[in-house]
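Visitor: Could you take me on a close look at one part of this protein, the annotated active site and what surrounds it? I would enjoy one connected account.

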Amino acid sequence: MSNCIFCKIVNGEIPSAKVYENEHVVAFLDISQVTKGHTLVIPKVHKENIYELDSETAQRVFESVPLIANALKTEFNPLGLNLINNNGEAAGQTVFHYHMHLIPRYGKGDGLG
Ligand code: 5GP
Ligand code: ZN
């Protein structure tokens with residue numbers, strides 16, 4: 001989609017700090033990280049949210065998550081990790097290209113409670 005910010009990240013029109021990439025998905029640091037290493041994983045194909053995600057695309061995204069989680073574990077040494085996926089404006093979705101948040105957690109001091 002031409003006016004989608006994440007499609008622009010996929011095709012290199014806007015820069016991102018990439019954590020992982022393969023033929024079908026890309027993971028990059030969130031522009032406003034809620035904790036150190038906050039990462040988004042997206043399919044390269046434009047799908048608005050979970051309701052549009054076909055099973056092949058879902059599989060490609062979800063099978064990449066453990067790889068990315070382990071890369072973040074190695075890089076940032078968190079104590080835990082939250083996976084969060086907002087679907088629809090009412091649920092807090094602000095970018096309408098499917099994405100999963102990977103939010104490393106560092107215990108009481110990480111500010112998220
Ligand atoms: P949502 O609220 O839709 O679940 O999450 C969208 C996320 O995308 C937000 O955490 C926001 O900081 C991030 N984001 C928005 N624009 C950009 C951008 O241009 N680059 C990066 N790396 N992250 C972005
Ligand atoms: Zn898109």
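Guide: Gladly, and let us begin with the stretch that holds the site. In this predicted model, residues 5-113 have their end C-alpha atoms 30 Å apart, and the span is 26% helix and 23% strand. UniProt, in an unreviewed entry, lists those residues, 5-113, as "domain: HIT".

Stepping back to the chain as a whole, you will find 2 helices and 5 strands. Read from the N terminus, the elements follow the order α-β-β-β-α-β-β. The radius of gyration is 14 Å, close to the 13 Å that the globule rule gives for 113 residues, so the chain is as compact as a globular protein of that length. Its C-alpha trace spans about 40 × 30 × 30 Å along the principal axes. Of the 113 residues, 21% count as buried. Among contacts with a separation of 6 or more, 57% are between residues 24 or more positions apart.

Now for the site itself. The unreviewed UniProt entry places the feature "active site" at H99. In the model, H99 sits in the loop between β4 (80-84) and β5 (100-105). Is H99 buried or exposed? It counts as buried, because 23 C-beta neighbours lie inside 10 Å, and the cut-off for a buried residue is 20 or more. Setting aside residues up to four places away in sequence, H99 touches F6, L40, V41 and I42. Another residue to look at alongside these is T39: its C-alpha atom is 9.7 Å from that of H99, although the two are 60 residues apart along the chain.

Several of those partners lead us into the interior. L40, V41 and I42, which H99 touches, are also among the residues of the largest nonpolar core that touch the most other members, together with V25, A27 and L102. That core has 16 residues, and the elements giving two or more residues to it are α1 (5-10), β2 (25-29), β3 (39-43), α2 and β5. In soluble globular proteins, nonpolar side chains tend to be buried together. V25 is a good place to pause: beyond its neighbours within four places in sequence, V25 is in contact with V41, I42, P43, K44, R60, V61 and S64. V41 and I42 thus appear in the contacts of V25 and also in those of H99.

Next, the ligand. There are 13 residues around ligand 1, and those that come nearest are I31, S32, N86, T94 and V95. By class, this shell has 6 nonpolar, 6 polar and 1 charged residues.

One last stop offers a contrast with the buried site. N77 lies in the loop between α2 (55-76) and β4. N77 has a positive phi of about 50°, although it is not a glycine. With 11 C-beta neighbours inside 10 Å, N77 counts as exposed, whereas H99 counts as buried.

Notes
Residues numbered from 1 in each chain as written. Chains lettered and ligands numbered in written order. Predicted model: local features only at pLDDT ≥ 70, side-chain atom pairs only at ≥ 80, totals over all residues. UniProt positions renumbered as here; feature names shortened; annotations may be inferred. Helix = DSSP H or I, 4+ residues; strand = E, 2+ residues; numbered from the N terminus. Buried ≥ 20, exposed ≤ 12 C-beta atoms within 10 Å, placed from the backbone. Contact = placed C-beta atoms within 7 Å. Near = placed C-beta within 6 Å. Nonpolar A, V, L, I, M, F, W, Y, C, P; charged D, E, K, R; others polar. Rg over C-alpha atoms; globule rule 2.2 N^0.38 Å. Core = buried A, V, L, I, M, F, W, Y, C linked by C-beta atoms within 7 Å.
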